[in-house]
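Colleague: I am new to this structure and would like a close look at a single part of it, namely the pairing of charged side chains. Please take me through it in one connected account.

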Amino acid sequence: RIKAVNSNIHPAPYLGDDFIFESCNFYNFDDINSSIRFSFNLLNATRKFTDCTFKSPTNLSTHNNFNSGTFNNCSFEKTVTMNPNGANTLGDLSFNNCTFNGNITINISNSSCYVEFINCKFNGTISFSNYGKTNTIFK
């Protein structure tokens, strides 16, 4: 298990299973306006982000398998692109009370994959690809 608390992190692109981040700042150390990439590599993995700030443009992408993660009270300061691809059940990949200050693109490539946004605030535009529009749930 990997757990980081109150840390500044420039993420390595490939992330597997069982990590928890609390009150962390994620950004590109070389240029805050350059993208950071989280390339997820395992189905049904434990991935928890709580009270985190993503300061650079953020890509939540699939390396091999991406269908799960929980983001609670997080702030995304710039654009977000997400590309989950693995089958899941509603709630396996969720954003709760998060703020998105830039544009967000949701590209879901699997008809059995869902993304859930609960009580989130969107200050930019939301665009969808593939199953993104039908499989994204807003509450």
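Modeller: The side chains of Asp18 and Arg1 meet in a salt bridge, with N and O 3.0 Å apart; the term stands for a side-chain nitrogen of Lys or Arg within 4 Å of a carboxyl oxygen of Asp or Glu. Because Asp18 lies in the loop between strand E3 (14–15) and strand E4 (19–22), while Arg1 belongs to the segment before strand E1 (2–5), the pair ties together parts that are 17 residues apart in sequence. The strands named here (E, at least two residues), like helices (H or I, at least four), are DSSP runs numbered from the N terminus. Arg1 counts as exposed, at 68% relative accessibility, where exposed means over 50% relative accessible area, buried under 20% and partly exposed in between, using a 1.4 Å probe and protein chains only.

This is a predicted model, in which local features need pLDDT of at least 70 and side-chain atom pairs count only at pLDDT 80 or more, whereas totals for chains, interfaces and linings use all residues. Residues are numbered from 1 along each chain as its sequence is written, and side-chain values use heavy atoms, with hydrogens and water left out.

By the salt-bridge rule, the count comes to three, and as general background, side chains of opposite charge can pair when their charged atoms come close. Another of these bridges joins Lys3 to Glu22, whose closest N and O atoms are 3.9 Å apart. Since Lys3 sits in strand E1 and Glu22 in strand E4, this pair ties together parts that are 19 residues apart in sequence. Lys3 counts as exposed, with a relative accessibility of 53%, whereas Glu22, at a relative accessible area of 29%, is partly exposed.

There is also a salt bridge between the side chains of Glu116 and Lys139, with an N to O distance of 3.0 Å. This pair links distant parts of the chain, for Glu116 is in strand E16 (residues 115–118) and Lys139 in the segment after strand E19 (136–138), 23 residues apart. Its two partners fall into separate exposure classes: Glu116 is buried, with a relative accessible area of 6%, while Lys139, at 60% relative accessibility, counts as exposed.
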